[in-house]
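Dear colleague,

I am passing on the structure below, together with some notes on what turned up when I went through it. Please read the notes alongside the coordinates.

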Amino acid sequence: MPRTAPPRTTPPRTTAALAAAGAACAALAVLPLTASAAPTAGLSCNVSYTVGNDWGSGFTANVTITDTGTTPINGWTLGYAYTGNQTLQNGWNGTWTQTGQNVTVTNPGYAPTINPGAAYTTSANFSYSATNTAPTAFTVNGTPCGPQSSPSPSPTPTPTPTPTTTPPPSGPAPAVHVAGSTLAKADGTPITLHGVNRSGVEFMCVQGHGIFDGPADQASVTAMKSWRVNAVRVPLNEDCWLAHSNVDPAYAGAAYISAVRSYVDLLHRNGLVAILDLHWTDGVYTGPSAGCSDANATCQKPMPDAAGALPFWASVAQTFTGDDATVLDLFNEPYPSRATGSDATGWACWRDGGTCPGIGFRVAGMQAMVDAVRSTGADNVLLLGGLEYANDLTQWAAHQPSDPLHNVAASWHSYNFNTCSNASCWDAQIGPLAAHVPVVTGELGENDCAHGYLDTLLPWLDQHGVSYLAWAWNTWDCSSGPALISSYDGTPTAFGAGYRAHLAGL
């Protein structure tokens, strides 16, 4: 739906705007110990190695480190070696590297410590030919650990796991990746995201009021968790991230990036997956459904500008490389068809960008943004919203951009005033797509401060294993737009009460 540039006291969704629209020491000879890898005194650990999926030419390795001692492992480096030609493709929940047959994994910045009795799992995809023999010896910080390994399964087609709900999270957030038609954790367990949107970071900075609209502390996150959410979506602003001259330096560039990084780290420490979306972007657009005539990122544009969005995503991806508990939502709510004049030209603009009819700036298409992220080495799950403010997914599969990691999912937004707002449309349009790729309802809500629409939509989403996040965890007047809470202690509005009750019943 269109976004206007709100004054400080109102949310970015006005009523008018609403209406408009992821080894005990056997065979030590193969341990990948380097000259500097001296054993850590007093460290006691165990390592288990499992293969989640094996499709004949590749597989997913899941390695779990357990601290069996009495003191925390603060900062860890895992080492092991293969005896075959297994070759690293991409890893998550840690920084993976490979030299010859030797594999090394270091802790991600958001999970440096493994406490006594606790375990941590890190995973990666490998290619191989011939045999896939599991490693039999492991080290952590130079200390032999384990082994505990399981044999590789027989090659099978890539599975399509049955989605499951997730209990209230605690501890480090799970790394997520695409597995068939679902999102999955590092160990291959399917995960369905249930969460909220935390608006403010997209508009406060560019309006000169700060970075967050309301608290971004532990107490506010604890309140979110009390609703049984496992994910939080945070909208971002292109100008603020890139420190454009129209933004107060106190709220731009390094200050803005640090605040976002710190908030994501806070979410992760609370077990919550973070979704970062590009919400407001540059480019003069005054055509149909324009939200503003400003060249700066003060409202939603039909598509993002290539000049800003591509460096934005390269920078965001570099910031969160290795953090696969963070999902990247490439552009909030595209509506290029309203500018180009047809669905056909709209979908072409959506995927390919460049010069699009009716849009006076060079567009960053979805393919270019996927490429910008992947060029940095980041392997995060990417969300791609469809046309008509992400409500139309009819040609999403036909125009799906190429991703070398095959780690993309569809983003869908659903409000009671959208065109696709009934079960017959969901059955025809969303259900078939959800059978092939993960679908994440990045936003949902209704403009009547009630929950009648949610009472119909949420059971349908549950039945089809679709993830969802409600708009928004902000204390706005519920009559001027979907607001879940009236206080940051988690007190719900009438709309929020319906959502909280549904999550409690899962």
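Glutamate 446 counts as buried because its relative accessibility is 1%, where buried means under 20% relative accessible area, exposed means over 50% and partly exposed lies in between (1.4 Å probe, protein chains only). This glutamate is found in the loop between β22 (439-445) and α11 (452-463); helices (H or I, at least four residues) and strands (E, at least two) are DSSP runs, numbered from the N terminus.

Which backbone atoms does the side chain of glutamate 446 reach? One is the backbone nitrogen of tyrosine 453, at 3.1 Å, and another is the backbone nitrogen of leucine 454, which lies 3.1 Å from a polar atom of the same side chain. A polar contact here is a pair of N or O atoms within 3.5 Å; within protein, one must be able to donate a hydrogen and the other to accept it, and residues adjacent in sequence count only if both atoms are side-chain atoms. Leaving aside neighbours within four places in sequence, glutamate 446 is in contact (heavy atoms within 4.5 Å) with residues including Tyr415, Asn416, His451, Pro482 and Phe495.

On provenance, this is a predicted model, in which local features need pLDDT of at least 70 and side-chain atom pairs count only at pLDDT 80 or more, while totals for chains, interfaces and linings use all residues. Residues are numbered from 1 along each chain as its sequence is written, and side-chain values use heavy atoms, with hydrogens and water left out.

The mean pLDDT (the predictor's confidence in each residue, from 0 to 100) is 87 for the protein, and 86% of its residues reach 70 or more. However, pLDDT stays under 50 over residues 1-38, for which the model has 113 contacts beyond four places in sequence, and also over residues 148-169, for which the model has 53 such contacts. Where pLDDT is low, the predicted coordinates should not be read in detail.

As for the overall content, the protein has 12 helices and 23 strands, and 57% of its 506 residues count as buried. Its accessible surface (Shrake-Rupley method, 1.4 Å probe) comes to about 17000 Å², of which 54% belongs to carbon and sulfur atoms.

Among the strands, 5 form an open sheet with antiparallel pairing, in the order β6-β7-β4-β10-β11, where two strands pair if DSSP finds at least two bridges between them. Its edge strands, each pairing on one side only, are β6 (95-99) and β11 (143-145). Within this sheet, β4 (residues 77-81) and β10 (residues 138-140) pair in the antiparallel sense over 3 bridges, and tyrosine 80 stands opposite phenylalanine 138 in β10.

Some backbone geometry also deserves a look. Most residues other than glycine have a negative phi, and most peptide bonds are trans. A cis peptide bond, with omega about -5 degrees, joins tryptophan 471 and alanine 472, and alanine 472 lies in the loop between β23 (467-470) and α12 (494-504). Alanine 243, in the loop between α3 (238-242) and α4 (254-269), has a positive phi near 60 degrees and counts as partly exposed because its relative accessibility is 44%. Alanine 390 also has a positive phi, of about 70 degrees, but lies in helix α9 (residues 387-390) and counts as buried because its relative accessibility is 0%.

With best regards
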